[in-house]
Amino acid sequence: MTDATALSDSLALVESLIARVELLEDKLAITELLTAYSPAVDSGSADEVANLWLEDGVYDVDTGAMHGHGELRAMVRSASHQNWIMNGAAHMMTPAHIRIDGNKAVATCHSQLVIKDPENPSGFKVLRITANRWELVKNDGVWKVELRTNALLDGRPEARALLAAGVVK
């Protein structure tokens, strides 16, 4: 092996390692962004919830879509959301399957809303379970949510399709 070949092989190895580390860093940053949602929404931290999204980002839930930071903050501050968190609630999310393509990514997971059961003072009940698709964009090195789509897992084919779109090649 010549010195030039060894140098070329070393440079290729370094470039490959750099790309792999960048991918891992992006997946970790996306995971941290997604896992910040539950503590933020359950603590009523409206600004923190909104700041997970792009300024014009959308959160599309079966009950309606929220567009932009103002509507996201309003959701967290709404009487119904405040009632849930003041009486005991937890937004629980499974680990996400993350696919990255340049500065865009899709994360697919499940979430559930668990609330204090008013009929059982020492118990909780699952209020809803949803399929989640998070579409993310990386701007200036920071990942933000462009669109989060939730679909209620109540047998609807749309929810299964949303999950499949994130994992089927």
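This passage describes the nonpolar cores, the largest pocket, one helix and two individual residues of a predicted model.

The largest nonpolar core comprises 25 residues, and those with the most contacts inside it are Tyr37, Trp53, Tyr59, Trp134 and Leu136. Both helices and strands contribute to this core: at least two residues each are supplied by α1 (3-42), α2 (46-50), β1 (53-61), α3 (68-77), β5 (104-116), β6 (124-139) and β7 (142-152). The largest share, 6 residues, comes from α1. The surroundings of Tyr37 illustrate how distant parts of the sequence meet. When its neighbours within four places in sequence are set aside, Tyr37 is in contact with Val49, Leu52, Trp53, Tyr59, Met75, His91, Met93, Trp134 and Arg148. A second core, separate from the largest one, consists of 5 residues, among them Ala131, Ala151, Leu162 and Leu163.

Two of these residues, Leu162 and Leu163, are also among the buried residues of helix α5, which spans residues 157-167; Ala159 and Gly166 are buried there as well. These four residues lie on the same side of α5, because they cover an arc of only 95° around the axis. The buried residues of α5 pack against strands β4 (97-101), β5, β6 and β7.

The largest pocket encloses about 460 Å³ of space. Its lining is formed by 24 residues, of which Tyr59, Val61, Met75, Trp84 and His91 lie nearest the centre. By class, the lining of this pocket includes 11 nonpolar, 11 polar and 2 charged residues. Tyr59 thus appears in two settings, being named both among the residues with the most contacts inside the largest core and among those nearest the pocket centre. Met75 and His91, likewise near the pocket centre, are contacts of Tyr37.

Ala89 belongs to strand β3, which covers residues 89-93. Not counting residues up to four places away in sequence, Ala89 touches Asp42, Trp84, Leu113, Val114 and Ile115. Of these contacts, Trp84 is one of the residues nearest the centre of the largest pocket. Between Ala89 and Val126, which are 37 residues apart in sequence, the C-alpha to C-alpha separation is 9.6 Å.

A local feature of the backbone is found at Asp140, in the loop between β6 and β7. The phi angle of Asp140 is near 50°, a positive value in a residue other than glycine. Asp140 counts as exposed, because its relative accessibility is 83%, above the 50% cut-off for that class.

Terms used
Residues numbered from 1 in each chain as written. Predicted model: local features only at pLDDT ≥ 70, side-chain atom pairs only at ≥ 80, totals over all residues. Heavy atoms only, no water. Core = buried A, V, L, I, M, F, W, Y, C linked by side-chain atoms within 4.5 Å. Buried < 20%, exposed > 50% of the residue type's maximum accessible area, 1.4 Å probe, protein only. Contact = heavy atoms within 4.5 Å. 1 Å grid on protein atoms, 1.4 Å probe; cavity = no way out; pocket = protein on both sides within 12 Å on 5 of 7 lines; lining within 4 Å. Points joined across faces, edges and corners; volume = space filled by probe spheres on them. Nonpolar A, V, L, I, M, F, W, Y, C, P; charged D, E, K, R; others polar. Arc of directions from axis to C-beta.
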